[in-house]
Amino acid sequence: MSRYQRSIELFQRAQGSLAGGVSSNVRALAQPPLYFHSATGARIVDADENVYLDYTLSQGPMFLGHSPPVVLDAVERAMRNGQLYGAQHDLEIDLAESIQRAVPCAELLRFCNSGSEAVHAAIRVARAHTGREKILKFEGHYHGWYDETLISSAPGLEQAGPPQAPKSVLASSGQLASAGENIIVLPWNDSDLVRATMQSLGHELAAVIMEPVMCNNGCIPPLPGYLETVRDLCAQHGIVLIFDEVITGFRLALGGAQSFYGVTPDLATFGKAMANGFPIACLAGRRALLERIAKLEVNHSGTYNSNVMVTAAAQATIAELQRLDYQRIHQLGETLMNGLRELAADYGLPLLIQGLGPVFHLAFTERDAIADYRDSLDIDGVRNREFVGAMLDRGIRLLSRGLWYLSAAHTAADVQHTLDTVAEIWSERGWR
Ligand SMILES: Cc1ncc(COP(=O)(O)O)c(C=O)c1O
């Protein structure tokens with residue numbers, strides 16, 4: 001009998017009612033697709049009562065750990081009075097003011113429900129502001145699943161075109177064939193190419209959008225000076241710089257990657273860690289840009305925007321994050337990364353770990369760096385899947401794509417336990 005028997009049965013049953021047995025395509029990638037019934041702190045429990053130390057943070061949101069009482073209490077208290085007014089309430093002003101204080105670019109904000117929505121709004125505002133239509137994005141960066149953003153986020157090499165002039169590649173059947181026409185794609189971290197592209201096309205570009213750390217493929221930080229250069233180039237050419245901080249926001253620092261690296265974009269999008277699992281996101285940015293929305297010139301709407309539950313969750317989460325020792329999480333992540341590197345060296349495994357303490361990427365590869373999306377294509381995915389499966393069997397939950405997230409609830413003992421477990425796996429025959 002499988003250790004995942006109940007999940008397997010539930011997955012079979014789900015095929016009859018849920019398309020593919022899941023509610024998000026990304027979840028179908030986990031093997032086996034597990035069902036969970038509870039989670040607290042850094043631990044999560046599946047339908048078979050297996051307990052896991054969780055490094056997925058449910059794709060990143062659970063940055064305080066699962067079920068933090070302060071957030072749950074705040075939501076419960078607030079929602080007892082009313083859940084959705086289809087109008088304003090004072091908590092949303094408190095929240096907006098908290099984010100204004102924390103995030104350098106946040107002169108004005110709007111709340112919405114998901115990262116994809118926030119990016120959609122950012123692009124619309126940038127187009128309205130500049131009167132231009134083209135958007136520059138980077139190969140391998142993910143900005144949500146909408147038609148014009150699900151472009152070249154993980155293209156196959158055979159479709160992707162030349163490395164210095166990638167094609168804009170659609171990723172889903174049913175996407176408008178024209179969705180990629182206004183999207184220009186460049187490799188990450190090549191400021192000369194950005195400069196050259198702006199020289200020829202700058203007058204047509206509404207925005208440059210990027211994950212300031214390319215978390216979605218290889219967790220590749222910006223090269224020193226890269227963000228500053230792109231910032232200057234955007235200013236010179238009147239192009240709106242958008243940081244998609246859906247992963248980095250409230251995680252690298254309270255003020256996100258923009259405060260961590262000291263480079264302020266014109267617009268930024270936030271989600272995930274902002275409300276510890278509750279579905280709220282936001283668009284923040286320079287007053288002149290958000291005023292396009294304020295004047296109702298740009299339509300930004302949503303029935304559920306700033307509903308009481310998610311607003312209370314975000315406000316309580318950010319209040320907790322204001323007290324958080326970010327340095328501790330960075331250091332704990334460094335300890336884990338270094339420990340994994342040392343173990344790989346001991347066991348003679350080709351391993352590359354990149355990223356920052358709170359979010360990093362582990363890859364089985366001979367490379368000594370993954371500098372852009374295409375470098376990530378020759379990672380040994382089979383070996384990673386085996387590793388993720390072996391860790392799962394021993395009670396440690398990882399994302400199958402190699403990204404690791406740490407939360408405030410992870411402890412030094414958790415990290416040591418993880419390293420001991422990895423040593424156990426890698427010392428087995430077949431891994432050497
Ligand atoms: C950088 C980035 N932007 C946007 C999104 C889309 O956010 P959501 O899944 O909340 O729509 C994601 C999701 O993983 C993301 O990682």
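Trainee: How do the residues of the lining of the largest cavity divide into nonpolar, polar and charged?

Mentor: There are 4 nonpolar, 2 polar and 2 charged residues in that lining. The classes are fixed by residue type: Ala, Val, Leu, Ile, Met, Phe, Trp, Tyr, Cys and Pro are nonpolar, Asp, Glu, Lys and Arg are charged, and the others, Gly among them, are polar. Ile123, Ile135, Ile183 and Ile209 line the cavity, and Ile counts as nonpolar. Lys137 and Glu148 are in the lining too, and both types count as charged. His143 and Thr149 complete the list; they fall among the others, so they are polar.

One note on the basis: this is a predicted model, where local features need pLDDT of at least 70, side-chain atom pairs count only at pLDDT 80 or more, and totals for chains, interfaces and linings use all residues. Numbering runs from 1 along each chain as its sequence is written, and side-chain values use heavy atoms, without hydrogens and water.

Trainee: What makes one space a cavity and another a pocket?

Mentor: On a 1 Å grid over the protein atoms alone, a 1.4 Å probe fits in a cavity but cannot get out, whereas a pocket is an open set with protein on both sides within 12 Å along at least five of seven lines; lining residues have an atom within 4 Å of a point. There is 1 cavity of 30 Å³ or more, and the largest holds about 40 Å³. The second largest pocket has about 650 Å³, and among its 29 lining residues Gln88, Glu92, Arg110, Phe111 and Ser306 are the closest to its centre.

Trainee: Why are S1 and S2 called paired?

Mentor: Pairing needs at least two DSSP bridges. S1 and S2 have 4, in the antiparallel sense, so the rule is met. Two of the partnerships are Thr40 with Arg43 and Ala39 with Ile44. The two strands (DSSP runs of E, at least two residues) form a hairpin with 2 residues between them, and Gly41 in the turn has a positive phi of about 60°.

Trainee: What makes S1 and S13 edge strands in the sheet?

Mentor: The open sheet runs S1-S2-S3-S13, with mixed pairing. S1 (36–40) and S13 (396–397) each have a single partner strand, so one side of each lacks a neighbour in the sheet.

Key:
Points joined across faces, edges and corners; volume = space filled by probe spheres on them.
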